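Reader: I have a structure on my screen and would love some help reading it. Shall we go through it together, one question at a time?

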Amino acid sequence: MNFFNPKRLLVTATAAAALIGVAMVDNAWAATDISGAGATFPTPIYSKWADAYKKQTGIGMNYQSIGSGGGIKQIKARTVTFGASDMPLKPEDVKEAGLVQFPMIIGGVVPVVNVKGVQPGQLVLDGATIASIYLGEISKWSDPKIKKLNPKVALPDTAIAPIYRSDGSGTNFLFSDYLSKSSPKFKDSVGAATSVQWPSGIGAKGNEGEANMVTQTDGAIGYVEYAYAKQNKMSFALLVNKDGKAVSPSADTFAGAAANADWAHAPAYYLILTDQPGAKSWPITGASFILVYAVPQDLAATGEALKFFNWAYKSGTQMASDLDYVPLPDALIKQVRATWKAEIKGAPAM
């Protein structure tokens with residue numbers, strides 16, 4: 001009996017090669033997926049971009065919405081391809097860590113409230129009053145300081161429940177930076193950082209957690225990225241800006257705050273956009289930043305991430321506008337691309 005069959009051997013070898021080829025293709029696709037972690041502030045638009053990009057290219061993005069502090073820790077630990085933070089690192093810190101930092105999108109943080117009878121955009125607040133609330137100095141919605149800002153609004157004698165971010169976050173930084181600029185006492189006793197010691201209130205994790213906590217707590221006030229306020233149909237407050245005008249959060253007022261930003265003369269793109277002048281400026285506006293290594297351990301992964309960011313700059317503007325984010329101006333995008341080419345090893349041509 002002859003057990004050797006050349007035809008069978010050929011078929012088996014061909015099938016095995018085909019299986020290996022499929023596995024290699026699968027692995028190649030898996031290898032190109034992009035990993036990132038950090039700020040919750042841009043999560044709605046990053047998610048929307050990621051879905052659209054995967055449909056076009058087959059390349060996915062795994063983004064962990066864990067707060068800016070977590071994103072900075074993960075990129076420094078090299079567990080992700082990029083980190084995202086709404087608090088820009090100072091130029092000296094960027095250089096020391098061997099990173100490259102650039103802005104990705106601009107948006108706004110808004111105060112949200114849960115007060116019976118108060119509709120979205122009906123309540124007016126200012127930075128000094130909000131600072132006093134979070135310092136525990138104003139404890140009732142019927143307080144004279146709030147009434148003075150809202151003479152035509154029927155405010156109940158309800159206790160105020162301040163809600164704050166318990167995790168290290170860029171939203172925390174933007175909000176606490178604004179309050180520090182509005183109140184010397186807040187600046188001295190609390191200060192501005194991704195994580196601060198709040199004198200009073202209830203902590204919640206992430207923009208999602210804070211939005212839920214405000215919604216569930218009678219008399220609550222909190223602060224979330226505007227997309228979360230819109231998506232959850234939350235009552236947001238107008239703010240009195242640096243020019244003394246009561247303004248509503250929108251892409252137009254976020255753009256108004258960003259209009260005077262001098263990115264060309266900002267080393268490592270270190271710019272903070274809170275409390276900007278201008279009649280149409282939203283006071284708690286900020287950019288969200290990306291952090292990658294200047295000399296990546298995985299050149300291919302960083303290259304894929306940059307291709308995704310470049311696609312978002314070119315093709316994601318309408319999606320960003322739909323969520324009331326402000327896309328970067330063309331001149332700034334050109335500047336960022338030049339930074340990639342000059343400072344990131346192996347950056348693909350764009």
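Author: Happily, and please keep in mind that this is a predicted model. A good place to begin is a helix contact, where W49, A50, A52, Y53 and Q56 in α2 meet K307, F308, W311 and A312 in α12. Sorted by type, the residues of this contact of α2 with α12 are 7 nonpolar, 1 polar and 1 charged.

Reader: Are α2 and α12 roughly parallel or roughly perpendicular to each other?

Author: Helix α2 covers residues 43–57 and helix α12 covers residues 299–315, and their axes lie 11 Å apart. The packing angle is about 105°. Angles of 65 to 115 degrees count as roughly perpendicular. The two helices, α2 and α12, are therefore roughly perpendicular.

Reader: Now for another pair: how do the residues of the contact of α5 with α7 divide into nonpolar, polar and charged?

Author: Helix α5 (residues 127–134) and helix α7 (residues 170–182) have axes that come within 8 Å and cross at roughly 110°, so they too are roughly perpendicular to each other. On the α5 side the contact uses G127, A128, I130, A131 and Y134, and on the α7 side F175, Y178, L179 and S182. By type, that gives 7 nonpolar, 2 polar and no charged.

Reader: Staying with α7, is N172 buried or exposed?

Author: N172 is found in helix α7. Leaving out residues up to four places away in sequence, N172 touches R165, D167, A193, T194, S195, W198 and Y223. Its relative accessible area is 1%, and the cut-off for calling a residue buried is under 20%. N172 is therefore buried.

Reader: How many of the residues of helix α3 are buried?

Author: Helix α3 spans residues 68–76 and is mostly covered. Its buried residues are S68, G69, G70, G71, I72, Q74 and I75. Out of 9 residues in α3, the buried number is 7.

Reader: Which elements are included in what covers the buried residues of α3?

Author: The helix itself is followed by R78, whose phi is positive, near 60°. As for the cover over the buried residues of α3, both strands and a helix take part. It includes β1 (34–38), β2 (61–65), β3 (82–85), β4 (99–114), α7 and β12 (285–293).

Reader: On to the strands: what is the order of the 3 strands that form an open sheet?

Author: Strand β5 is joined by 2 bridges to β10 (residues 238–240), and these two run parallel. Within that pairing, L125 has L239 in β10 as its bridge partner. The pairing in the sheet is mixed, and the order is β5-β10-β11.

Reader: Why is one side of β5 and of β11 left without a neighbour in the sheet?

Author: β5 (124–125) and β11 (246–247) stand at the edges of this open sheet. One side of each is left without a neighbour because each has a single partner strand.

Reader: Stepping back to the whole protein, what percentage of its residues are buried?

Author: The protein has 14 helices and 12 strands, and its C-alpha trace spans about 100 × 50 × 35 Å along the principal axes. The area that the protein exposes is about 15,900 Å², with carbon and sulfur atoms supplying 55% of it. Of the 350 residues, the buried share is 52%.

Reader: And among contacts between residues at least 6 apart in sequence, what share join residues at least 24 apart?

Author: One example of a residue with several contacts is N172, which touches W198 and Y223 among others. Taking the contacts in the protein between residues at least 6 apart in sequence, the share that join residues at least 24 apart is 76%.

Technical notes
Residues numbered from 1 in each chain as written. Predicted model: local features only at pLDDT ≥ 70, side-chain atom pairs only at ≥ 80, totals over all residues. Heavy atoms only, no water. Pairing = 2+ DSSP bridges. Helix = DSSP H or I, 4+ residues; strand = E, 2+ residues; numbered from the N terminus. Axes fitted to C-alpha atoms, helices over the stretch in contact; angles between N-to-C directions. Parallel < 35°, antiparallel > 145°, perpendicular 65-115°, else oblique. Contact = heavy atoms within 4.5 Å. Nonpolar A, V, L, I, M, F, W, Y, C, P; charged D, E, K, R; others polar. Buried < 20%, exposed > 50% of the residue type's maximum accessible area, 1.4 Å probe, protein only. Areas by Shrake-Rupley, 256 points an atom, 1.4 Å probe, with all protein chains shown as cover.
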